[in-house]
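Subject: Structure for you to look at

Hello,

Here is the structure I said I would pass on. Please open it beside this message and follow along as you read.

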2 protein chains.
Amino acid sequence: MVVDELSEPDIDRLFQAFADSTRRDIVRRVTVESYSVSGLAALYDMSFAAVQKHVAVLERAALVSKEKHGREQLVRANHEGLHKARQLLSEYEAIWHQRAARIADILAQG
Amino acid sequence: MVVDELSEPDIDRLFQAFADSTRRDIVRRVTVESYSVSGLAALYDMSFAAVQKHVAVLERAALVSKEKHGREQLVRANHEGLHKARQLLSEYEAIWHQRAARIADILAQG
DNA sequence: GTAACGTACAACCAAATGGTTGTAGATGAG
DNA sequence: CTCATCTACAACCATTTGGTTGTACGTTAC
């Protein structure tokens, strides 16, 4: 998934990826430092395969990337994806602020 | 759903709500002006009931609220929900910036 | 070389999601 | 009053999601 020029399905995947507390925790952790997939799996009360799937969801959403390192696969945060998601919500907020400013204008001139 | 002090399932619902292009479009539209549910339904190539469900998802996520107005139900944006979601992503980004700053420090100090 | 580790992936399952149609109740218009 | 409109909600369906176990394979350690 390329990070700029996001298609609507890309944005779907991005927010879908955030809609799970385990995945949000993974994002926070791998932002601070790299983890192997089994290193991550050890943190949660679920199977290795389940965590592996969560990492795959984050990878498809371009929120993390994996780097092969010997027999381990190191997972690290991809800041571009996170930044893009934040930016989208900021744009939605901007629409609201524009409307609020317009209403204030009308009241002032009214 | 109370907007501050969000539980993890609350945050799940918040991001889940954004993970659909029709719902994102509804959020943008009702931020600019109120729509009745049928007014919204007329905009999309799906049944009234489907749009009604999307509005219900947004309502459970505290992103919109409905106000009864005669026989119509006017849907409008709830800015608190949007703001909270944006804030969460900003916090995640902050973690990344802290790490970037720490790395810069280490490099500067050798 | 062999055993243990880390990963990938298939098959399976229950529950949730996103859509449909149909029914029924309030409200407004003529 | 009656009819059309707006909404709510149930029942149903296909697909996706989030989990499981099992198997296979490359890599590392001993």
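Below is what was found, taken in turn: the two DNA strands, the strands of chain B, and the cavity.

Please keep in mind that this is a predicted model.

DNA strand C

There are 21 residues around DNA strand C, and those that come nearest are A:Ser38, A:Gln73, B:Ser47, B:Lys53 and B:His54. Of the atoms of DNA strand C that come within 4 Å of the protein, 64% belong to sugar and phosphate.

Two of the nearest residues can be followed down to single atoms. A:Gln73 has a polar side-chain atom 2.5 Å from a phosphate oxygen of DNA strand C. B:Lys53 places a polar side-chain atom 2.2 Å from a base oxygen of that strand. B:Arg71 takes part through its backbone: an N or O atom there lies 3.4 Å from a sugar or linking oxygen of DNA strand C.

Which elements supply this surface? In chain A, α3 (37–41), α4 (48–60) and β3 (72–77) each give at least two residues, and so does α4 (48–60) of chain B. Sorted by class, the surface near DNA strand C has six nonpolar, eight polar and seven charged residues.

DNA strand D

For DNA strand D, too, there are 21 residues around the strand, and A:Ser47, A:Lys53, A:His54, B:Ser38 and B:Gln73 come nearest. Sugar and phosphate make up 62% of the atoms of DNA strand D that come within 4 Å of the protein.

Three side chains of chain B can be checked here against phosphate oxygens of DNA strand D. For B:Gln73, an N or O atom of the side chain is 2.6 Å from such an oxygen. For B:Gln52, the distance from a polar side-chain atom is 3.2 Å, and for B:Lys66 it is 3.3 Å.

The elements that each supply at least two residues of this surface are α4 of chain A and, from chain B, α3 (37–41), α4 and β3. By class, the surface near DNA strand D holds six nonpolar, eight polar and seven charged residues.

The strands of chain B

β3 of chain B, one of the elements just named, also pairs with two other strands. Strand β1 (residues 35–36) of chain B runs antiparallel to β3 (residues 72–77), with two bridges between them. In this pair, B:Tyr35 stands opposite B:Val75.

How many bridges join strand β2 (residues 64–69) of chain B to β3(B)? There are six, and these strands also run antiparallel. Here B:Ser65 is opposite B:Arg76. β2(B) and β3(B) form a hairpin with two residues between the strands, and in it B:Gly70 takes a positive phi near 70°. As general background, side chains in a regular strand alternate between the two faces of the sheet.

The cavity

To find empty space, one rolls a probe the size of a water molecule over the atoms. The structure holds one cavity of 30 Å³ or more, and the volume of the largest cavity is about 30 Å³.

Which residues line the largest cavity? They are A:Trp96, B:Val27, B:Thr31, B:Leu63, B:Ala77, B:Asn78, B:His79 and B:Leu82. Within chain B, α2 (21–32) and α5 (79–109) each supply at least two residues of this lining. Five of the lining residues are nonpolar, three are polar and none is charged.

Regards

Note on methods
Residues numbered from 1 in each chain as written. Chains lettered and ligands numbered in written order. Predicted model: local features only at pLDDT ≥ 70, side-chain atom pairs only at ≥ 80, totals over all residues. Heavy atoms only, no water. Near = heavy atom within 4 Å. Polar contact = N/O pair within 3.5 Å; in protein donor to acceptor, adjacent residues only side chain to side chain. Helix = DSSP H or I, 4+ residues; strand = E, 2+ residues; numbered from the N terminus. Nonpolar A, V, L, I, M, F, W, Y, C, P; charged D, E, K, R; others polar. Pairing = 2+ DSSP bridges. 1 Å grid on protein atoms, 1.4 Å probe; cavity = no way out; pocket = protein on both sides within 12 Å on 5 of 7 lines; lining within 4 Å. Points joined across faces, edges and corners; volume = space filled by probe spheres on them.
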